[in-house]
Amino acid sequence: MIVTLTMNPSVDRTAQLPAPLAVGGVNRIAAVDDSPGGKGVNVARVVAAGGVEARAVFPAPPEDPFVTMCAATGVATSVMPTTGAVRINLTLADPEGTTTKINSPGPELDAATLDRVRSTIADLARDAQWVVLCGSLPRGVEDDFYADLVTALRPAGARLAVDTSDAPLAALAARLPDAAPDLVKPNGEELGQLAGVDGAELERRAADGDTGPVAAAARALRERGVGAVLVTLGGAGAVLVDDDETWFANAPAVQVRSTVGAGDSALAGYLLAGARGLPPRDRLAWAVGHGSVAASLPGTGLPLGLDPATFRATLRRLD
Ligand SMILES: O=P(O)(O)OC[C@@]1(O)O[C@H](CO)[C@@H](O)[C@@H]1O
C-alpha cells in the first residue's frame, strides 16, 4: 500500500479563460470546474488507478464538500476531522495552456489534529511500502513538521517520500542527513532550495539543454543521505538520480493544457514503476509518461490507468 499525507488539501477550481489573462483588466470566465486536489490526493488517485492500493490521509471537516468530492473518485481516504473548511485553490487557464495558480493559505490546524495525523500515519506506515508527505503546511503547523515525521516514521520500515516547497523544504534541507527521505521530487526551483544553489539558474541551464548542473545538485543530495531524487523540469524533461544511476528523460511533445498535477502524476508514475520492481530508467520513463499526460489534460486532470506502451520519453544515462 502507498499512503499519502496532504496537510493542506484543496478544492481545485479551474476557471477557463477564453483569452490570455489580462492582468489589471476585466477577465471573463468561459467555464468553471471543481475537482478534489492537494498533492497527496492527486498522487493517491493516480497510484490507485494504476492498480496499486493507495490511501489518502488529510485533515478536513467530515461534512466538507471536499470529502464528498474525494469519495466520488473512489480513492480510499482517512479523514482527520477538523473544523476549518478546506481551501479553494484557483487556476486561471488560458487557451494557450498557460496556467496561473492562486493558492489559498488553508484553515489553521490545532494541536489535537496534528497529534491525530501523526498517530494515524504512524499506524498506516507499518503496512505501507511508501508514505508520501505532500504539499504546503497550513497555519498552526511548524515548518519542520515533515522533517520530524521522517525521523519519527523511520523505524516503521516504510519508505518515505517528501514533495514540498519553501519553508518546509528548507527545514528538511537543514535536517539532512538525519531526516533524509528515501525520495524527494523537487522541480528545478525546489532543487535549488534543497541543495542551496540558484534554482532559477538550474532551470535556465536545463531549458538550454544543459542538465549537468541539475544532475550535480541531485547527486549532492544523495551524498547528504537522500535515497533518490526525481527532478521534474516541465518542458525541459526530468532527471532521476537513483540506485547510483543518473538518467535524463526528455519531455514528450504534448499539447500542454494545464500543468496542475503534472508533478504529482510524475511522482505517482515513479511509484507505480517501483511497485512493479522496474529499474531506475523505467521508473523515470513512467514518471515522465504520467507527468506529460497530466500536462495534456485540462484543470487538475490526472492520468488514471495509463498503458505503459504509450510512454514515449527518450532516455539518456548521464553517468
Ligand atoms: O499549496 P500547495 O499545497 O503547495 O499545492 C496545492 C496544489 O497546488 O498542488 C496540487 C498540484 O500539484 C493541486 O492539486 C493543489 O491546488
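# Briefing on sheets, helix packing and salt bridges

Arg205 and Glu201 both belong to helix H7 (residues 199–207), where they sit four residues apart, about one turn of the helix. This is a predicted model, and the pair just named forms a salt bridge in which the closest N and O atoms of Arg205 and Glu201 are 3.8 Å apart. The count of salt bridges comes to 13. The strands discussed below belong to an open sheet of ten strands with mixed pairing and to an open sheet of four strands, in which the pairing is also mixed.

**Salt bridges**

- In the H7 pair, Arg205 is partly exposed, with a relative accessible area of 34%, and Glu201 is likewise partly exposed, with a relative accessible area of 29%.
- A salt bridge also links the side chains of Arg222 and Asp244, at 2.9 Å from N to O. Because Arg222 lies in helix H8 (residues 212–223) and Asp244 in the loop between strand S12 (238–242) and strand S13 (245–249), the pair ties together parts that are 22 residues apart in sequence.
- The two partners fall into separate accessibility classes: Arg222 is partly exposed, with a relative accessible area of 24%, whereas Asp244 is exposed, with a relative accessible area of 61%.
- Through salt bridges that share partners, Glu201, Arg204, Arg205 and Asp210 are joined into one network.
- Asp115 and Arg118 form a salt bridge whose closest N and O atoms are 2.8 Å apart, and both residues lie in helix H3 (residues 111–125), three residues apart, about one turn of the helix.
- Asp115, at 46% relative accessibility, counts as partly exposed, as does Arg118 at 36% relative accessibility.

**Packing of helices H3 and H4**

- Helix H3 packs with helix H4 (residues 145–153) at an angle of about 35°, their axes being 11 Å apart, and the crossing of H3 past H4 is right-handed.
- On the H3 side, the contact is made by Leu114, Val117, Arg118, Ile121, Ala122 and Ala125, while H4 contributes Phe145, Leu149 and Leu153.
- Sorted by class, the contact of H3 with H4 comprises eight nonpolar, no polar and one charged residues.
- Arg118 thus appears both in the salt bridge with Asp115 and among the H3 residues that make the contact with H4.

**The ten-strand sheet**

- The strand order in this open sheet is S5-S4-S1-S8-S9-S10-S11-S12-S13-S14. Strand S5 (76–81) and strand S14 (315–317) stand at the edges, and because each has a single partner strand, one side of each is left without a neighbour in the sheet.
- Strand S1 (residues 2–6) runs parallel to strand S4 (residues 54–60), and four bridges join the two; within this pairing, Ile2 has Ala54 of S4 as its bridge partner.
- Helix H4 lies across S1, strand S8 (130–134) and strand S9 (159–163), with a direction at about 170° to S8.
- Helix H10 (residues 280–296) lies across S11, S12, S13 and S14, and runs at about 150° to S12.

**The loop residue Ala236**

- Ala236 is located in the loop between strand S11 (228–232) and S12, and it counts as buried at 18% relative accessibility, since the cut-off for that class is under 20% relative accessible area.
- Leaving aside residues up to four places away in sequence, Ala236 touches Ala206, Ala207, Phe248 and Ala249.
- Ala236 and Phe248 are twelve residues apart along the chain, and their C-alpha atoms are separated by 9.9 Å.

**The four-strand sheet**

- The open four-strand sheet has the order S3-S2-S6-S7. Strand S3 (31–37) and strand S7 (99–102) stand at its edges, each with a single partner strand, so one side of each is left without a neighbour in the sheet.
- With direction ignored, neighbouring strands of this sheet are turned by 20° against each other on average.
- Strand S6 (residues 87–93) and S7 run antiparallel and are joined by four bridges, with Leu90 standing opposite Ile102 in S7.
- Helix H2 (residues 65–73) packs on this sheet, where it touches strand S2 (10–16) and S3, and the direction of H2 makes about 80° with that of S3.

Conventions:
Residues numbered from 1 in each chain as written. Predicted model: local features only at pLDDT ≥ 70, side-chain atom pairs only at ≥ 80, totals over all residues. Heavy atoms only, no water. Salt bridge = Lys/Arg side-chain N within 4 Å of Asp/Glu carboxyl O. Buried < 20%, exposed > 50% of the residue type's maximum accessible area, 1.4 Å probe, protein only. Axes fitted to C-alpha atoms, helices over the stretch in contact; angles between N-to-C directions. Left-handed = near helix turned anticlockwise from the far one by under 90°. Contact = heavy atoms within 4.5 Å. Nonpolar A, V, L, I, M, F, W, Y, C, P; charged D, E, K, R; others polar. Pairing = 2+ DSSP bridges.
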